[in-house]
Amino acid sequence: MIRMTTAASIAALTLAAGAAQAQQPWMNTKLSPDERAALLEKEMTLDERIGLVHGPMSMPIFGIKKPDGAIGSAGYIPGIPRLGVPALEESDASLGVTNPLGVRPGDGATALASGLSLAATFNTKLAYDGGAVVGREARAKGFNVQLAGGVNLARDPRNGRNFEYLGEDPWLAGNLVAAQINGIQAQGIVSTIKHFSLNGQETSRHFANSIIDEAAHRESDLLAFQIAIEKSQPGSVMCAYNLVNGDYSCGAPHLLNDVLKGDWGYKGWVMSDWGAVHATDYIVKGLDQQSGEQLDAKIWFGEPLKAAVEKGEIPAARLSDATRRILRSMFAAGLFDKPVTPGGAIDYDGNAQVAHAAAAEGIVLLKNREGLLPLAKSAKTIAVIGGHADAGVLSGGGSSQVVPPGGAKRVVPLGGEGMMGAFRSQYFNGSSPLAAIRKAAPDAKVTFDDGRYVASAVAAAKAADVVVVMGNQWMGEGEDAFDLSLPNGQDELIAAVVAANPNAIVVLQTGGPVSMPWLDQAGAVVEAWYGGAKGGEAIADVLFGAVNPSGRLPVTFPASLSQYPREALPGRGVPEKTRFDVNYTEGSDVGYRRFAATGDKPLFPFGYGLSYTSFAYSNLKVEGGQSVTVSFDVANTGKVEGKDAPQVYLTGAAGKPLQRLIGFGKVSLKPGESRRVTLTADPRLLASFDATGRRWVVTGGDYQVAVGASATDLALKGGAKVKARTLKP
Ligand code: BGC
């Protein structure tokens, strides 16, 4: 037996590594991801390049079986063993690692609260922590691409996917999604920001042509993407199903080549949404990879692309660039150096704690008559009504649906035809608000009425000291809300309950804004969104005061749909498979910005949310120059500790009245404590986009700002002179 000394064995290993590196120079970690990608791509055959730019879904659907070698989830791009290129194992989404159609039997994951809940925290740290949970679980399960980072602005309160996104403001949404992506990518995997761009509604999403003018687009949805991409360098960008100004977004040269890769210098790859590719030449229009290809009419980026490259119809250099972009992001994320393998340990309890903290901080207290909340632990009888509160909290449907470890507690299928029919079910996860309330009030008699019969619920409400009545709005991918009511007659149920007992607290679990016809009579209203793994506990935390609510609305709750430029939902009633326009005439004045322009009064404004304490703002100082720097004191003037999310708005720019969120903070203060907050605006928030000159223009002059507790509650006002300047696009 030959025995090597330690020194000799290290030398041998180093030699072996050196030899391997001589054969595979792209494995030299001292080189940049660009250099490594270029070295590797040079070695690849045409077939290998083609192999990397398209791939199938990795779930069994429509009689298609899961591809060999795939772990099973959303998508799969086979690797190239000869060159040591790992396969891309892709899973959805921002709210946790999904298991579509149970392709991995029994494999659950930690569900985070919905995107709107996260946005309501106004807390980038929670976004990072949640992203880290998702990234860790993805990695442990063997996924190296997480299709996370949905950041389409909430332009329509009915949009079925608002719950996946981060609200209506580009600064808030862009910063939060960047933090989320950073949390994911810190685990050594790729994250995919999506859906680029203006996928503002789900109704006939493959036929909706989003119309917007260039400047408005740059100042709104594109700005959210731009901020996020700068701050988090996501490995991939997913283009959307819809058209933008006449081009399908996955085949839109202006969006992909001019803006994303040109003006912004984006170095990663553009992957299509699943079934969003309509031609081979999308590759010259800026698309780098066809995903979920069985959903398209053809595997365009397979044989047709190969033939087109061979014939010289599509430049080989473009295919090389697409290949290099994919490899570059794989190197940058660490996919070669620290390969992802399935079977890692997952701390579900620890991850649930992270989800719990974020869910509790995302809850928004909308109304609280005479301190009804927090509930006195001494309430003798509490009636909990409706919303499947005995089974868990609700979650949104579609590709982002997460199933908890151990499975859902209750699944209520909604059925329906077509591709999305299989995904239309309400999942309740076992984090039961009823159980959490019972735990928080061990001495109370807590009754439950499922809310099916109004008379029975009213009787339960009358028999109790306090009532907690749930209002659920299930939303899902592929469809929009019909209107802003709570479905299945729940508004009638709630109206009857709040009329029966003045101490009735309405707890909403909604995908977005809803109308509240019973608001005047309700004792208190709590917006709990979709609360994720510990949503039931988070609701009880706020109801009983273990957590002082600090969520703020990241989306305007309108008084009526007539306050929007598109009262009738575009595409509704249009024959199937017919293209139609969605005119985004509000331009960059999304949500509260448009309310500021029209003077309409919303039901609840953007940024709004109550606390069990009170806060005061003072000592405003505004400095001008290249941008505006705003500082002020926030004080807790109440009796309990709490968190505040002070907001800074631009209200006038060189003589032009407008409203834009230019900064926000999140501060935790003890009673009597105060803290100075200082924020400098990103100059693009002061600017307008000059589409002809392709630049941002800050007009010199007086700029007005306001500090407040919501978009309509502006406590401090000031201003400063800002210098004229232009900025690169
Ligand atoms: C969704 C994407 C998702 C993809 C893969 C599509 O239906 O729009 O957000 O990543 O499916 O599941």
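Mentor: A residue counts as buried under 20% relative accessible area, as exposed over 50%, and as partly exposed in between. Keep in mind that this is a predicted model.

Trainee: Why is K285 called partly exposed?

Mentor: K285 has a relative accessibility of 26%. Partly exposed covers the range between 20% and 50%, so K285 belongs there.

Trainee: What makes K285 and D281 a salt bridge?

Mentor: The closest N and O atoms of K285 and D281 are 3.5 Å apart. A salt bridge needs the side-chain nitrogen within 4 Å of the carboxyl oxygen, so the pair qualifies. D281 is also partly exposed, at 32%.

Trainee: How do you know whether D263 is buried or exposed?

Mentor: D263 has 17% relative accessibility. The limit for buried is under 20%, so D263 counts as buried.

Trainee: What makes D263 and R218 a salt bridge?

Mentor: Their closest N and O atoms are 2.8 Å apart, and the cut-off is 4 Å. D263 lies in helix 9, residues 253–263, and R218 in helix 7, residues 214–218, so the pair ties together parts that are 45 residues apart in sequence. R218 counts as buried too, at 1% relative accessibility.

Trainee: Which class of accessibility do E673 and R675 fall into?

Mentor: E673 has a relative accessible area of 27% and R675 has 33%. Both values lie between 20% and 50%, so both residues are partly exposed. E673 and R675 form a salt bridge with their closest N and O atoms 3.1 Å apart. Elsewhere, salt bridges that share partners join R161, E164, E202, R205 and E477 into one network. The structure holds 44 salt bridges.

Trainee: E477 was just named in that network. What makes its approach to the ligand a polar contact?

Mentor: A polar side-chain atom of E477 lies 2.6 Å from an oxygen atom of the ligand. A polar contact requires N or O atoms within 3.5 Å, so this pair meets the limit. D92 has a polar side-chain atom 2.5 Å from a ligand oxygen, and for an N or O atom in the side chain of K194 the distance to a ligand oxygen is 2.9 Å.

Trainee: How much of the ligand does the protein cover?

Mentor: The ligand has 310 Å² of accessible area on its own, and the protein covers 96% of that. There are 13 residues around the ligand, and D92, R161, H195, D273 and E477 come nearest. By class, the shell has five nonpolar, two polar and six charged residues.

Trainee: Why is D169 called buried?

Mentor: The relative accessible area of D169 is 0%. Buried means under 20%, so D169 is buried. D169 sits in the loop between strand 3 (145–147) and helix 6 (170–185). Leaving aside neighbours within four places in sequence, D169 is in contact with residues including L153, Y592 and F606.

Trainee: What does the side chain of D169 reach?

Mentor: The side chain of D169 reaches the backbone nitrogen of W171 at 2.9 Å. The limit for a polar contact is 3.5 Å, so the distance satisfies it.

Trainee: Where is P502, and what does P502 touch?

Mentor: P502 is in the loop between helix 15 (490–500) and strand 16 (504–509). Not counting residues up to four places away in sequence, P502 touches R369, L372 and G523. L372 is 130 residues from P502 along the chain, and their C-alpha atoms are separated by 9.7 Å.

Notes. Residues numbered from 1 in each chain as written. Predicted model: local features only at pLDDT ≥ 70, side-chain atom pairs only at ≥ 80, totals over all residues. Heavy atoms only, no water. Near = heavy atom within 4 Å. Polar contact = N/O pair within 3.5 Å; in protein donor to acceptor, adjacent residues only side chain to side chain. Areas by Shrake-Rupley, 256 points an atom, 1.4 Å probe, with all protein chains shown as cover. Nonpolar A, V, L, I, M, F, W, Y, C, P; charged D, E, K, R; others polar. Helix = DSSP H or I, 4+ residues; strand = E, 2+ residues; numbered from the N terminus. Contact = heavy atoms within 4.5 Å. Buried < 20%, exposed > 50% of the residue type's maximum accessible area, 1.4 Å probe, protein only.
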